[in-house]
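Trainee: Could you take me through one part of this model up close? I'd like to start where the two chains meet and then work inwards from there.

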Amino acid sequence: MGTESFSKGLVEIISSSDDSVKIEEEFLQVLQVLNSNTEALDVFRNFGIPADKKIEAISSIFSKRVTSMTLDLITLTISQGYADNLSDIEQQVSNYIAEKRGAALAKVISAVELNDSTQNDLKAALKSKLGRDIELSLKVDSSVIGGIKVSIGERTFDGLLSSKFSDIQTVLEGR
Amino acid sequence: MTLNLNVFYAEAEEAGSGVDLLLPATSELVAGVAAFAIVFFFVWKWALPALNTTLEERAASIEGQIEAAEATKAEAEATKAEYAKLVSDANSEVQKIIDEGKAAAEKVKEEIIDQARQDAEAIVEKAKSDSEAEKERLSSEISSQVADLSLAISQKVAASMSEKDQQNLIDKFIKDMETSS
């Protein structure tokens, strides 16, 4: 089964839950944590470590922090051999959930955390531009120096300072 | 001695005098004519034909020699003409060889000059190209250094941005996105 089909299945399971909003939030947060942790990713990508050991490690870390259903979804993902594709699954699940709610998912990268007011302004600006509701998937990365980058499907609005510096460098080197 | 003189005088008196002294005696004349006729006959009959034959043979021999000499002369002339032709041909051949040699030498000379010109042009071109490449490399290196320096300065400035500056940057981005088409 491809990651997209698996992600759709996960979304269906989450949607059928009575506490879908919380489970969705927890599930995506766990995936974000795992994706941002290089050591954890190395463990999951190591074929020498049996799947049950990986599940055991996940359980010991998150069992007291998330609901049992969220933990089950994570365990299912690992046991089905998608430990290498956690980033794709996070992205696809986010997209499908947003679509299910009739919204588009905007992946946002910024150097600093966006406060609620800024998030609302951004949603409003994107809605007026694209004509549909927007849900944000936020990521903070200090290496981008400053500014913000928004990706929705195939479209990207890049206002990162690191991108501008890269463009300037390309122009200067091209002279 | 006195006796012999006497005899002579006696005979002189008996012989007569005047014209008779000059004319031979008749018997002598007849004998002389007969002897002449006999001699003439022998000469006419045998000596003259033999002489004529000898002379004719001699003339024929001379004519033959002359003809032979003329033939030899003609042969010599022909040989000379042939030799002259051979010499002329040889001269032509030599001239042709010289001309060909000159042409070949000229061609080789032109090829050498042309090759030398091409080599010189290639050297000049390579020197130009090397110079251009070096110029390009230096320019690229300077551009890269300027770019790195500019980037380093910009990043340093950006890194010292306050939270307010960061927020302003994000707000401006959102505002620009709203106003852009």
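Mentor: Sure, and bear in mind that this is a predicted model. The contact between the chains draws 23 residues from chain A and 19 residues from chain B. On the chain B side, helix H3 (26-159) and helix H4 (163-179) each put in at least two residues. H3(B) gives the most to that side, with ten residues. Sort the chain B residues that touch chain A by character and you get eleven nonpolar, six polar and two charged.

Now look at what stands behind each side. Chain B has four helices and zero strands, so to speak a plain α-α-α-α when read along the sequence. Buried residues make up 3% of its 181 residues. For chain A, with 175 residues, the buried share is 30%. Chain A has eight helices and four strands, and along the sequence they come as α-α-α-α-α-α-β-α-β-β-β-α. Among the chain A contacts between residues at least 6 apart in sequence, 66% join residues at least 24 apart.

Let's go into chain A through its sheet. This is an open sheet of four strands in the order S2-S1-S3-S4, with mixed pairing. Strand S2 (133-140) and strand S4 (155-158) of chain A are the edges, each pairing on one side only. On average, neighbouring strands are turned by 20° against each other, direction ignored. H6(A) packs on this sheet, where it touches S1 and S2 of chain A, and its direction makes about 140° with that of S1(A).

Strand by strand, start with S1 (residues 103-110) and S3 (residues 148-152) of chain A: they run antiparallel and are joined by four bridges. In that pair, A:Lys107 stands opposite A:Ser151 in S3(A). Move on to S3(A) and S4(A), and you find four bridges and an antiparallel run there too. Here A:Lys149 faces A:Asp158 in S4(A). The hairpin that S3(A) and S4(A) form has two residues between the strands, and in it A:Gly153 takes a positive phi near 60°.

Back to H6(A), since the sheet is not the end of its story. Helix H1 (residues 3-16) and helix H6 (residues 86-100) of chain A have axes that come within 9 Å and cross at roughly 50°. That angle makes H1(A) oblique to H6(A). The crossing of these two helices is right-handed. On the H1(A) side, the residues that meet H6(A) are A:Thr3, A:Glu4, A:Phe6, A:Ser7, A:Lys8, A:Leu10, A:Val11 and A:Ser15. Their counterparts in H6(A) are A:Asp88, A:Ile89, A:Gln92, A:Val93, A:Tyr96, A:Ile97 and A:Lys100. By character, the residues of this contact divide into seven nonpolar, four polar and four charged.

So if you want one element to keep on screen, try H6(A): it touches S1 and S2 of the sheet and also meets H1(A).

Definitions and conventions: Residues numbered from 1 in each chain as written. Chains lettered and ligands numbered in written order. Predicted model: local features only at pLDDT ≥ 70, side-chain atom pairs only at ≥ 80, totals over all residues. Axes fitted to C-alpha atoms, helices over the stretch in contact; angles between N-to-C directions. Parallel < 35°, antiparallel > 145°, perpendicular 65-115°, else oblique. Left-handed = near helix turned anticlockwise from the far one by under 90°. Contact = placed C-beta atoms within 7 Å. Nonpolar A, V, L, I, M, F, W, Y, C, P; charged D, E, K, R; others polar. Buried ≥ 20, exposed ≤ 12 C-beta atoms within 10 Å, placed from the backbone. Pairing = 2+ DSSP bridges.
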